[in-house]
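Subject: Structure for you to look at

Hello,

Here is the structure I said I would pass on. Please open it first, then read the notes below with it on your screen.

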Amino acid sequence: MSAQDTISPQTPSPAAPDRHAAVVFEQVHKTYPGGFQALQGVDFQIMPGEFFGLLGPNGAGKTTLISLLAGLSQATSGRVTVMGHDVRADFATARKLLGVVPQELVFDPFFSVRESLVQQSGYFGVRGNGAWIDEVLEGLGLADKARANMRQLSGGMKRRVLVAQALVHKPPVIVLDEPTAGVDVELRQTLWQFISRLNRQQGCAVLLTTHYLEEAEALCQRIAMLKKGRVVALDSTSRLLSKASQNLLVFKTDDTLPPDLAAEARVTGRVVQMRCADAAGLELLLQRLRQGGVRVEDVELARTALEDVFLDIMGESAEGESA
Ligand SMILES: Nc1ncnc2c1ncn2[C@@H]1O[C@H](COP(=O)(O)OP(=O)(O)OP(=O)(O)O)[C@@H](O)[C@H]1O
């Protein structure tokens, strides 16, 4: 895969934003006080009903971009809209169209779970939505905690409430900023089932940031990869995967790989991953391992995962920078 294949340049002439888009980031720059450029010309849009992933290493600018979208901070230049409403000029309308699940656990300790959802609905000017609140509580596995005080909940349960709070006003655009960081498997499954249902049945657009690339691969139709404040790749998940389509030979070994093989391998503890294009490449690789005295166990052939594409793209853009 070459850098040109996947790197989508942001300049000089980005396509005009689609007026039907759910979210538009148009040439967005953000410089923090002190001069740090957290976002540098971010330009993409998310369509209604789309499940969109925003990926990037720590510090890439994902949370900064979401803060601009949620109106919590202002872009230095550029424009952000939600369903056609400018997040600065038309803040109140834009904010009502968004359901933002923040990374941090913030909650009011004096309310019960249900009360907190009624309170949050009132904040968006929504009343008489008891049936929807019940559905959200049920969908997120919170029904039996509806009367519990927020203080009594475990961390995982509090996170479910944060998700519920973001959904009480039935927003057409749902924003999830690392919603599954440090949460257990059960909550992940409950969350993704419910969010996927809203996405499919109600046509909600979803913007997800996550470090769990297998989650993004399974859920997102399109993905943008951000690095140092720039979009370095933007494509459908299937195209990103197919551009890097390679087979991976995965095995375990206690032996040290000879330098020529080590240079091509990704080693995690005893697990080694090596790429091979086809059956002939696989045969050659196994032969080289044998000749190198490497004893392999638990051999399997896997397809390239989004994680490999991500590491490729991040690596290529680093090479581009140094060049
Ligand atoms: N208020 C601030 N003032 C100065 N720099 C900031 C501020 N907030 C964020 N940054 C910097 O901007 C860059 C982008 O941060 P941001 O939190 O958006 O990254 P991220 O992609 O969400 O990272 P993570 O995956 O770790 O959450 C980082 O280098 C961060 O240190």
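A residue is counted as near the ligand if its C-beta atom, placed from the backbone, lies within 6 Å of it. Keep in mind that this is a predicted model.

The ligand

With that cut-off, the residues around the ligand begin with Tyr32, Gly34, Phe36 and Ala38. The list goes on with Gly56 and then runs through Asn58, Gly59, Ala60, Gly61, Lys62, Thr63 and Thr64. Sorted by class, this shell holds 7 polar, 4 nonpolar and 1 charged residues. Which helix gives the most to the shell? Helix α2, made of residues 62-69, does so with 3 residues.

The chain as a whole

The chain has 323 residues, and 34% of them count as buried. Its secondary structure consists of 14 strands and 12 helices. Measured out along the principal axes, the C-alpha trace spans about 70 × 50 × 40 Å. If you take the contacts between residues at least 6 apart in sequence, 71% join residues at least 24 apart.

The domain assignment divides the chain into domain 1 (3-241) and domain 2 (246-303). The C-alpha centres of these two domains are 39 Å apart.

The nonpolar core

How many residues does the largest nonpolar core have? There are 70 in it, and those with the most contacts inside the core are Leu69, Ala164, Val173, Val175, Val206 and Met225. Helix α6 (residues 155-167) gives the most to this core, namely 6 residues.

Val206 is worth selecting in your viewer. Setting aside residues up to four places away in sequence, Val206 touches Phe51, Phe52, Ile174, Leu176, Ile195 and Asn199.

Val296

Now go to Val296, which sits in the loop between α11 (279-291) and β14 (297-303). Is Val296 buried, exposed or partly exposed? A buried residue has 20 or more other C-beta atoms within 10 Å of its own, and an exposed one has 12 or fewer. Val296 has 15, so it is partly exposed.

Apart from neighbours within four places in sequence, Val296 is in contact with Phe251, Thr253 and Leu289. To relate this loop to the ligand, use Ala60, one of the residues around the ligand. Val296 and Ala60 are 236 residues apart along the chain, and their C-alpha atoms are separated by 37 Å.

Regards

Note on methods: Residues numbered from 1 in each chain as written. Predicted model: local features only at pLDDT ≥ 70, side-chain atom pairs only at ≥ 80, totals over all residues. Helix = DSSP H or I, 4+ residues; strand = E, 2+ residues; numbered from the N terminus. Nonpolar A, V, L, I, M, F, W, Y, C, P; charged D, E, K, R; others polar. Domains from an automatic or database assignment. Contact = placed C-beta atoms within 7 Å. Core = buried A, V, L, I, M, F, W, Y, C linked by C-beta atoms within 7 Å.
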